[in-house]
Each structure stands twice: as C-alpha cells, then as structure tokens.
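Student: I would like to go through this structure one question at a time. Please show it first.

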Amino acid sequence: MRRSLIATASIAVLAASVAGASAQGLDELPASIAAAYEGVDDGQPIGPSAYREWTPRSEPPWTIGYASSYAGNTWRAEALSRLVDELLPVYRDAGLVDEVIVTQSDLDDSRQIQQIRQLVDQGVDAIVVCCSNPVALNRAVDYAYSHGVVVFSFSGYLTSDNALNASSNYAQGGYEIARALIEEVGGEGNFLLVSGIAGAASSESFDVGARRAIEAFEGADLVGQVWGNWTDQVAQTEVQTFLATNPARIDGIIAQGSQETGILRAVLQSGRDVMPISLAGSAGAACYLRQNPDWISHAFQIWPPGDEMELGFNAIIRTLQGQGPKVQSILRPVYRVEAADYVASLPDDCSIDSTEYIQPGIDIWFPDSLAAHYFLNPVNPLEWTPGQ
Amino acid sequence: MLGRVARRLGPLAVPLVLTVILLVLALIRSPQTFTYVGLAGAVLVAAPLILSAVAITPIAIAGRGGVDLSIGPLVGFVNVTIVVWLPAMGLASPVAVFGYAILMACLWQLVLACLILYVRISPIIASLAGYMILSGINLVILPRPGGFAPDWLADWGWGTELRGPVLYILVGSFLLWFLFRRSPIFQHIRLMGADERTAYASGVDIVGARMAAHLAAGVFAGLAAVCLTGQIGSGNPLIGDTLTLQAVTALVLGGTSLAGGRGGITGSVLGAVAMYLVFVVLSSFNFGNVSGFMTQLCYGLILVGSLLLSLATTARSRGAARPA
C-alpha cells in the first residue's frame with residue numbers, strides 16, 4: 001500500500017514537472033509573437049533557454065567579447081560601429097560594461113573557435129558572435145558556458161543548447177519578401193533571385209522561403225540565381241553578367257538585403273527599364289525610390305545591421321542582469337514598411353551610390369514592450385540596478 | 001656566431017626565430033594559452049592547419065612548382081562527406097571514418113598525379129581546377145554548414161584534454177613522416193624535385209616518385225580532415241577557401257622551396273604553429289572597430305616580413321655554399 005502510494009506520488013510529481021517543462025519556452029510567449037517561429041529553420045533551437053535562472057561569474061561592469069567572423073563589407077562595419085561607437089559609451093556611462101574586446105576571424109571556423117576560447121580565458125563575461133557556422137562553434141560555446149560565460153549569436157543562430165540567439169525568421173522573411181515582389185508585378189513574370197553567400201546558413205534559409213513563394217504563383221518563373229555575397233560591388237558584377245548574357249525579360253529581382261544598391265546600378269547600366277527590386281535597408285536604392293516614387297510600393301527590414309547588433313547586445317546585457325531569457329532564440333518577423341515611410345528619413349540630396357543603411361531603430365526593432373515578452377524578469381537594461 | 005647558427009639552420013632559421021618571438025609574445029599577452037587546457041585547445045585548433053601544411057609539403061618537394069591549391073577543398077570534401085555520406089551508409093566507427101578519409105584523400109591525390117603525369121597539365125593548374133571542382137561539389141553535397149560528426153569524433157571538439165586523439169594523430173603523423181623520409185622513394189622525390197630530367201636520366205622512377213608524393217599528401221590530408229571534423233563537429237562546405245591559403249602560407253613560411261627539391265615538414269609545422277601564434281597574439285589586442293583591418297594588416301605585414309627574411313637567408317646561405 002505504502003509502495004503504491006509512493007509510486008503514485010512519484011508519477012504525479014513527474015507528470016507535473018513534465019507539464020511544467022512543456023509550459024516553458026515558446027508556450028510562455030504571446031500567440032502573436034510565437035507566430036514568428038512558424039516555418040523556422042529545422043536546425044534553429046527554440047526550446048527553453050539554459051539561462052532562465054543563470055547568474056554571471058562577476059558583477060558589473062562586465063567585459064564583453066565580440067568574436068566577429070568577418071569585417072569586409074558595409075553591413076559588418078555598420079554593426080561594429082553601432083557596438084563600439086554608440087552602445088559601448090552608453091553602457092559604460094551606466095556602469096554596466098567596462099570594455100568590448102573585438103576579434104575577427106575572416107570566416108575561418110578554426111580561428112573563431114580559438115578566439116572564443118581565448119576570450120573566455122581572458123576573463124570576458126559574455127561573447128557576442130554573428131552569422132557564424134551554426135554547428136562548428138558548439139563545443140566552444142559549451143566551453144564558454146562551463147566557465148560561466150554566455151555566448152549570444154545575433155543575426156544568425158548556433159545550435160548549441162548553451163547558446164542564445166536573436167534573428168529574424170529568415171525562411172519566413174524570404175517568403176514574405178518574394179511574395180510581396182511577385183504581387184507587386186501582378187503575380188506573374190520572370191524573376192531573378194540574388195542570394196547572399198552560397199553555403200551561408202541565413203542565405204540558404206532566405207532562398208528556401210523565396211522559392212516557396214515563387215512556387216505558390218503559377219505564372220511566376222525563377223529564370224536565374226546569382227550570389228552577391230551581401231556586398232554591393234559583388235552583386236553589381238554578378239547581376240551585370242547575368243543581364244548581359246540573358247536577353248529574356250526580367251520582371252522583378254528578388255534580393256536579399258545589403259546588396260540592392262549594387263543590383264540597381266547593374267540594371268541601370270544594362271539600359272533596361274528598372275524593374276521592381278526587393279528593398280531591404282540599403283540607402284542607395286532607397287534614394288532611387290525617393291526620386292522615383294512609382295518604382296515600388298513597399299520595402300522590408302530583415303537584418304538592419306545596427307539594430308540587429310543592438311538587439312543582441314541588449315539581450316546579452318539583460319541575460320547578464322539575470323532577467324532570464326525564456327527561449328533559446330529570440331525570433332522576430334520581418335518588418336514591412338510602405339515606400340513613403342521607408343524613404344522619409346532620406347535627405348533631399350540623397351545619393352543612389354550611398355552605402356549607408358536605413359534602419360527602423362531599436363524602438364521599432366526591439367522595443368522594451370517586445371523584449372518584455374522574451375524575458376522572465378524584464379526591465380530596461382539601462383534602468384536595472386544590482387539585486388533587482 | 002649568430003650567422004653561423006642561422007647558416008646551419010638554413011631555411012628553418014626564419015620560421016624558428018619567428019615562432020620563438022611569437023611564443024614569447026603569446027606568453028606575455030595571452031598566458032592562458034600555456035595552461036594545460038589552453039594547450040589542449042591550441043592542439044585542437046592548430047592540428048588541421050598543421051596537417052594540411054604537412055600534406056602539401058611532399059608535393060612541393062616533388063617540383064614543377066607543385067603547390068596543391070586543392071588541399072583546402074579536399075579537406076572540406078572529406079569533412080562534408082564524413083557527415084553526409086558515412087551516416088547514410090551506416091558507417092560511424094573510427095576504423096570506417098579514418099579508413100574512408102585517408103582512402104578518399106589518396107584517391108583524389110592519385111587523380112591529380114595522373115593529370116600531371118599523363119595529361120601533362122602543370123601541377124598548379126591541375127590543383128587550381130581541383131580547387132574549383134571540389135568547392136562546387138562540396139556545396140552540392142552540403143549546401144550549407146551543418147550535419148553532425150559521429151559522437152566519438154565530435155567529442156574531440158571539447159579540447160580540454162591535451163593527451164587526446166588529436167595529439168596522438170599529430171605525433172603519429174610526425175613518426176610516419178620520419179619513416180617516409182628515410183625511405184628510398186623520398187630521396188627519389190627530392191631528386192626529381194631538384195631536377196626532373198637529371199633524375200630521370202639517373203634512373204629514378206619519375207612516375208612512382210610523383211605518385212608516392214601525392215599518396216603521402218593524401219594520407220596527411222585525410223588525417224587533417226578527420227581532425228577538422230572533430231574540431232567543428234559538423235560539416236562546412238566553405239572551409240576549404242581559407243585553409244588552402246593558410247596551408248600554402250605555412251609551407252612557404254617554413255622554407256620549403258616551391259621550385260622543388262628542398263624542404264621538409266619541420267618547416268611546414270613551424271610555419272603553421274607561427275601562423276596560429278599570430279592569431280593568438282593579434283586576438284589578445286583590442287583594436288576596437290578597426291579590428292578587422294588591423295588584424296589583416298598586422299597578419300600580412302608579419303608574413304611578408306618573414307618571407308623576405310626567409311628569402312634573404314636562403315640567398316645568403318646559397319651564396320656561402322657556392323665555391324669561390
């Protein structure tokens with residue numbers, strides 16, 4: 001009798017803990033936010049985070065490491081500039097951060113692994129990484145975790161259970177951006193897809209979504225794909241080559257962000273009428289839209305560099321403050337904006353050769369009201385006090 | 001005195017001095033690297049580069065300007081197929097993985113050797129074509145980084161135990177090279193690299209020597225791929241791009257002559273270790289928002305300076321060796 005009572009009680013405790021576990025993570029998010037996780041990459045971890053009740057290895061001010069994987073394009077430069085020139089002074093004044101140590105691995109996994117381990121050994125409290133190989137860094141992340149250091153990947157994800165991630169849902173973003181462009185030209189026609197870097201995870205995710213959208217329209221044909229490496233100059237060369245060797249009519253160019261200015265230049269140089277091109281933050285192409293308001297009715301924000309960095313930095317400071325991230329990956333939907341609003345911030349004398357970015361700003365990209373849903377004990381990181 | 005030591009060391013003088021200087025700098029700037037765990041991590045991270053540099057050494061010694069540009073994508077090819085093909089075939093044991101990796105890398109090297117020997121394509125052109133072919137194939141097999149290495153292999157990635165499989169592979173590779181170096185075929189490779197016509201006229205089996213050089217490269221490339229897969233625990237179709245550049249740099253830094261006939265893995269290993277230490281030292285500085293450019297700039301300057309010194313030392317030692 002006693003044994004059966006113990007067994008029954010054990011089962012009840014187990015059931016309660018399982019129910020509790022299943023209520024963690026995504027189930028804690030409001031339905032509207034959880035919807036952003038639909039169709040997410042299979043590999044992206046979206047379970048409960050390992051940092052729900054975590055405390056850092058030291059008190060503030062903290063030292064943050066930025067293990068950058070690349071520094072050779074304007075997107076990376078803008079993200080780094082936001083970190084070093086804008087975020088660091090603000091958080092240093094607030095007494096939260098004393099230093100940001102930046103390393104650069106030039107797309108070499110081995111070097112990035114070495115740098116993460118070195119940053120851990122140097123005594124940093126948290127490490128930010130961006131857009132890296134989703135799997136290769138896992139053991140380095142676990143090494144950091146075992147030493148009380150949190151690793152946060154922004155604008156991409158790592159598959160380690162001990163990593164935290166923040167990004168848009170790129171597969172869904174690719175779908176939304178492609179669908180909007182196809183609808184813009186009447187739901188049919190020939191389309192060119194300008195991807196990022198062949199083999200890069202977020203680039204491939206975007207393409208999967210974009211192809212799904214093209215397949216959804218019977219009259220839409222994908223007539224070509226080129227890779228612009230998220231760099232205007234590369235995208236310009238690739239699109240120029242494509243247009244020069246493919247006389248077929250192109251009704252629209254579906255493009256990943258950070259390269260549409262180069263694509264626009266290629267189209268202008270080809271002498272063709274400028275067809276609609278997906279816009280996602282490049283100021284040069286946005287300037288052309290300002291000068292030609294009938295060109296396209298909308299734009300998107302999928303990975304605004306500075307705002308993505310600020311999202312990651314904001315989230316990592318919250319984690320260090322013990323605010324307890326609920327899920328491993330903070331995912332947000334892509335942000336659609338109408339043309340007039342998109343170009344509103346551009347000056348009259350803007351240039352279509354500009355390499356700047358139009359960004360929605362952190363108040364739109366990751367405001368406190370949105371962040372509050374992702375953390376167990378949310379508070380604006382700059383208003384936080386130790387022991388809170 | 002110093003000049004005499006430098007002459008005795010020959011082409012090894014510059015990489016040795018550079019490595020010692022970098023070791024001292026690393027000791028000052030990043031002492032954690034020299035703890036037990038730090039060294040374990042260093043061995044783990046540096047092993048693929050060291051073995052890749054070793055792999056291309058016999059091909060360079062074999063002459064005809066034989067720089068194997070395909071080494072990076074080859075290591076990448078074995079890496080992605082270990083995580084994609086082998087699990088599909090139900091093969092995950094250490095014997096299967098090691099056997100497969102070495103076999104595939106040797107097969108590729110045999111293809112290159114046949115192109116060079118029978119189609120008479122210049123080695124650098126053959127390996128450049130191989131670079132492009134394998135880079136494309138890797139992306140077809142694995143469109144983006146992912147997949148999982150067998151558990152026993154992925155566990156190498158912890159890199160917290162110095163006396164582990166990666167260190168044993170390195171030591172085993174050095175022993176293997178030592179045996180290979182003492183074999184008659186290695187002398188044939190050197191003779192062929194120094195002057196192929198004279199070697200042929202002297203009765204050296206040119207075909208056998210070149211095949212042997214490529215097969216030796218295949219063995220070390222296969223081991224490099226296994227170490228790399230253990231390090232990243234997954235497949236990366238893009239890994240080859242940077243690895244080729246680094247391996248060739250380590251080779252040249254180590255004093256192996258691209259003209260053939262001269263060199264050895266001591267120099268290549270020193271070159272690879274020096275490159276690793278450059279990364280460690282540069283990572284210990286905080287260059288802020290110009291870090292990317294400063295790192296590249298410093299890295300390039302160190303390499304160019306070392307290569308110039310290496311060339312100057314080699315020219316001087318040749319001059320000293322020339323009869324009056």
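**Sheets, domains and contacts**

Tutor: This is a predicted model. Strand β1 (residues 62–68) of chain A pairs with β2(A) in the parallel sense, over seven bridges.

Student: Which residue stands opposite A:Ile64 in β2(A)?

Tutor: β1(A) and β2(A) are joined by seven bridges in the parallel sense. Opposite A:Ile64, the residue in β2(A) is A:Val100.

Student: Which strands are the edge strands of the open sheet of six strands in chain A?

Tutor: The order of the strands in chain A is β2-β1-β3-β4-β5-β10, with parallel pairing. An edge strand of this sheet pairs on one side only. The edge strands are therefore β2 (97–104) and β10 (329–332) of chain A.

Student: By how many degrees are neighbouring strands of that sheet turned against each other on average?

Tutor: The six strands form an open sheet with parallel pairing. Direction ignored, the average turn between neighbouring strands of this sheet is 15 degrees.

Student: Chain A also has an open sheet of three strands; which are its edge strands?

Tutor: The order is β7-β6-β8 in chain A, and the pairing is parallel. β6(A) pairs with β7(A) over eight bridges, and four bridges join β6 (residues 188–195) to β8(A). Pairing on one side only are β7 (219–227) and β8 of chain A.

Student: Which residue is the bridge partner of A:Leu193 in β8(A)?

Tutor: β6(A) and β8(A) run parallel and are joined by four bridges. In β8(A), A:Leu193 has as its bridge partner A:Ile254.

Student: Are the residues on the two faces of strand β8 of chain A buried or exposed?

Tutor: In a regular strand, side chains alternate between the two faces of the sheet. In β8 (residues 252–255) of chain A, one side has A:Gly252 and A:Ile254, and the other has A:Ile253 and A:Ala255. Both faces are covered, and these residues are all buried.

Student: What angle does the direction of helix α7 of chain A make with that of β6(A)?

Tutor: Helix α7 (residues 201–216) of chain A packs on the sheet and touches β6, β7 and β8 of chain A. Its direction and that of β6(A) make an angle of about 175 degrees.

Student: What distance separates the centres of the two domains of chain A?

Tutor: The domain assignment gives domain 1 (28–168 + 305–332) and domain 2 (170–278) of chain A. Taken over C-alpha atoms, their centres are separated by 30 Å.

Student: Why does the largest nonpolar core lie between these domains?

Tutor: This core has 214 residues. It lies between domain 1 and domain 2 of chain A because residues of this core come from both domains.

Student: Which element gives the largest share of this core?

Tutor: A:Ile127, B:Ile56 and B:Tyr276 have the most contacts inside the core. The largest share is 17 residues, and it comes from α3(B).

Student: Which element gives the most residues to the side of chain B that touches chain A?

Tutor: The contact takes 35 residues from chain B and 36 residues from chain A. Elements giving two or more residues to the chain B side include α3 (36–61) and α11 (206–232). With five residues, the element that gives the most is α3(B).

Student: Why does B:Gly208 count as partly exposed?

Tutor: B:Gly208 is in helix α11 of chain B. A residue is buried with 20 or more other C-beta atoms within 10 Å, and exposed with 12 or fewer. B:Gly208 falls in between, so it is partly exposed; the number within 10 Å is 13.

Methods:
Residues are numbered from 1 along each chain as its sequence is written. Chains are lettered from A and ligands numbered from 1 in the order in which they are written. This is a predicted model: local features need pLDDT of at least 70, side-chain atom pairs count only at pLDDT 80 or more; totals for chains, interfaces and linings use all residues. Two residues are in contact if their C-beta atoms, placed from the backbone, lie within 7 Å. A nonpolar core is a set of buried Ala, Val, Leu, Ile, Met, Phe, Trp, Tyr and Cys residues joined through C-beta atoms within 7 Å. Domain bounds come from an automatic or database domain assignment. Two strands pair if DSSP finds at least two bridges between them. Axes are lines fitted to C-alpha atoms, for helices over the stretch in contact, and angles run from 0 to 180 degrees between N-to-C directions.
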